[in-house]
Amino acid sequence: MTAVIEYKCPNCGSGMVFDAGTGTLSCPSCGRQDQVDQIQDPLKKQALPLEDVKEYHCNSCGAVIVTDQETSATTCSFCGSAVVLSDRLSGDFAPVMVIPFTISKEAAMKAFKKWCRNGLLTPKGFMTSDRIAGMTGMYVPFWLYDLNNGIEVHGQGTRVRIYTQGDYRYTETQHFNIYRKIQLNYARLPIDASEKMNDELMDKLEPFPYDQLKAFKTPYLAGYRAEKYSYNEEQLFPRAKEKTSSYIDAYISSTVQGYSSVMYTDKQIDTTVKQADYVLLPVWMIRYSHNRTEYTFAMNGQTGKVVGKPPISKAKVTAWFAGVSALSFVGLKIVSWMMGGGFL
């Protein structure tokens, strides 16, 4: 089995890439389009020891392909051919499913520029200048967890009633023992598995449209960069539990409505993994330069959602606060006038 997979156009011999707009494997030279589900995938789910593969060679030009150990799909730096490094997608590194890109690079560029222009407090130059330093379509490795949570909660609640009887005002406090036994399950909880990716950015890109998940085939990767996971499902399990903790707390709180106060004396949460699937999800990574500083943004390759922290204009912030203060001042003057008083 070859360690490098390329897709050559049967018509003209040019390298074919996955077209996000049409969802096909397309030839940019002659326009041929092939349906991915009709292409026989040369990748077999068999393990190839990584130590047996010392270097990769481009099938088109013979050049050595140099990548870091996490990269599983890239392009040849010499001829530009899209290549898939099959041994990094085999055996334990074989993804179960993939969500293909539906937003092309051109559409992503246009959407990002529109998003920049919507920044009310960003510097003027940031919104109008073309400062995109780089844009990379990347399949990011995720683990999708199905989690079962068995929850038992003990606590104490109070209900306070204040009433008047005759000349006296009474406060009545009732005390209750609280017990809740809850089964709370989560399906397809995503945790990014790449050491390189910023966890906060990846979390904010959610949700991905999981109804678009497809059985993994290498043609989806042609023309894009792809990473293999840095952490397995056992290593990321603690983070999965941490990610669900706030949702569990909120659900528990929703079951103890109607009390004046609640204090938990014991809370036991037993979380088990029903299933964990290794998948690749589409992300456009964008590097943007402004005033000699580079900012990193991410875009969901299916929904177009953009996340990241743009620079903030101090002048605009000052003007905004000044405007809010002025409106507040005018509002107080009007209220004071309506009440027949003055405001200094």
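A salt bridge is counted here when a side-chain nitrogen of Lys or Arg lies within 4 Å of a carboxyl oxygen of Asp or Glu. The structure is a predicted model, in which local features need pLDDT of at least 70 and side-chain atom pairs count only at pLDDT 80 or more, while totals for chains, interfaces and linings use all residues. Residues are numbered from 1 along each chain as its sequence is written, and side-chain values use heavy atoms, with hydrogens and water left out.

**Stop 1: salt bridges**

Select Lys267 and Asp249 to begin; the closest N and O atoms of this salt bridge are 3.2 Å apart. Lys267 belongs to strand β14 and Asp249 to helix α4, so the pair links distant parts of the chain, 18 residues apart; helices (H or I, at least four residues) and strands (E, at least two) are DSSP runs numbered from the N terminus. Lys267 is partly exposed, at a relative accessible area of 34%, and Asp249 is partly exposed with a value of 34%. On this scale, buried means under 20% relative accessible area, exposed means over 50%, and partly exposed lies in between (1.4 Å probe, protein chains only).

Next, select Lys243 and Asp203, whose salt bridge has its closest N and O atoms 3.3 Å apart. Lys243 lies in α4 and Asp203 in helix α3 (residues 199–204), so this pair ties together parts that are 40 residues apart in sequence. Lys243 is buried, with a relative accessible area of 16%, whereas Asp203 is partly exposed, with 28%. Add Asp192, Glu206 and Arg239 to the selection: these residues, Asp203 and Lys243 are linked in a network of salt bridges.

Then move to Asp34 and Arg32, a salt bridge with its closest N and O atoms 3.1 Å apart. Asp34 is buried, at 17% relative accessible area; Arg32 is partly exposed, at 27%. A search of the whole structure finds twelve salt bridges.

**Stop 2: a three-stranded sheet**

Display β2, β3 and β4, which form an open sheet in that order with antiparallel pairing. Two strands pair if DSSP finds at least two bridges between them. β2 (17–19) and β4 (33–35) stand at the edges with a single partner strand each, so one side of each has no neighbour in the sheet. Three bridges join β2 to β3 (residues 24–26), and Val17 stands opposite Ser26 in β3.

**Stop 3: helix α1**

Which residues of α1 are buried? Select Ala108, Phe112 and Cys116 to see them. They cover an arc of only 75 degrees around the axis, taken from the directions from the helix axis to the C-beta atoms, which puts them on the same side of α1. The face turned away from this buried side carries the exposed residues Glu106, Lys110, Lys114 and Arg117.

**Stop 4: the nonpolar cores**

A nonpolar core is a set of buried Ala, Val, Leu, Ile, Met, Phe, Trp, Tyr and Cys residues joined through side-chain atoms within 4.5 Å. The largest has 48 residues, and those with the most contacts inside it are Phe112, Tyr139, Tyr145, Leu221 and Trp284. Among the elements that each supply at least two of its residues are α1 (105–117), α4 (233–254) and β14 (261–290). Colour β10 as well, since the largest share of this core, six residues, comes from that strand. Apart from this core lies another, of 19 residues, with Met97, Met138, Leu213 and Ala298 among them.
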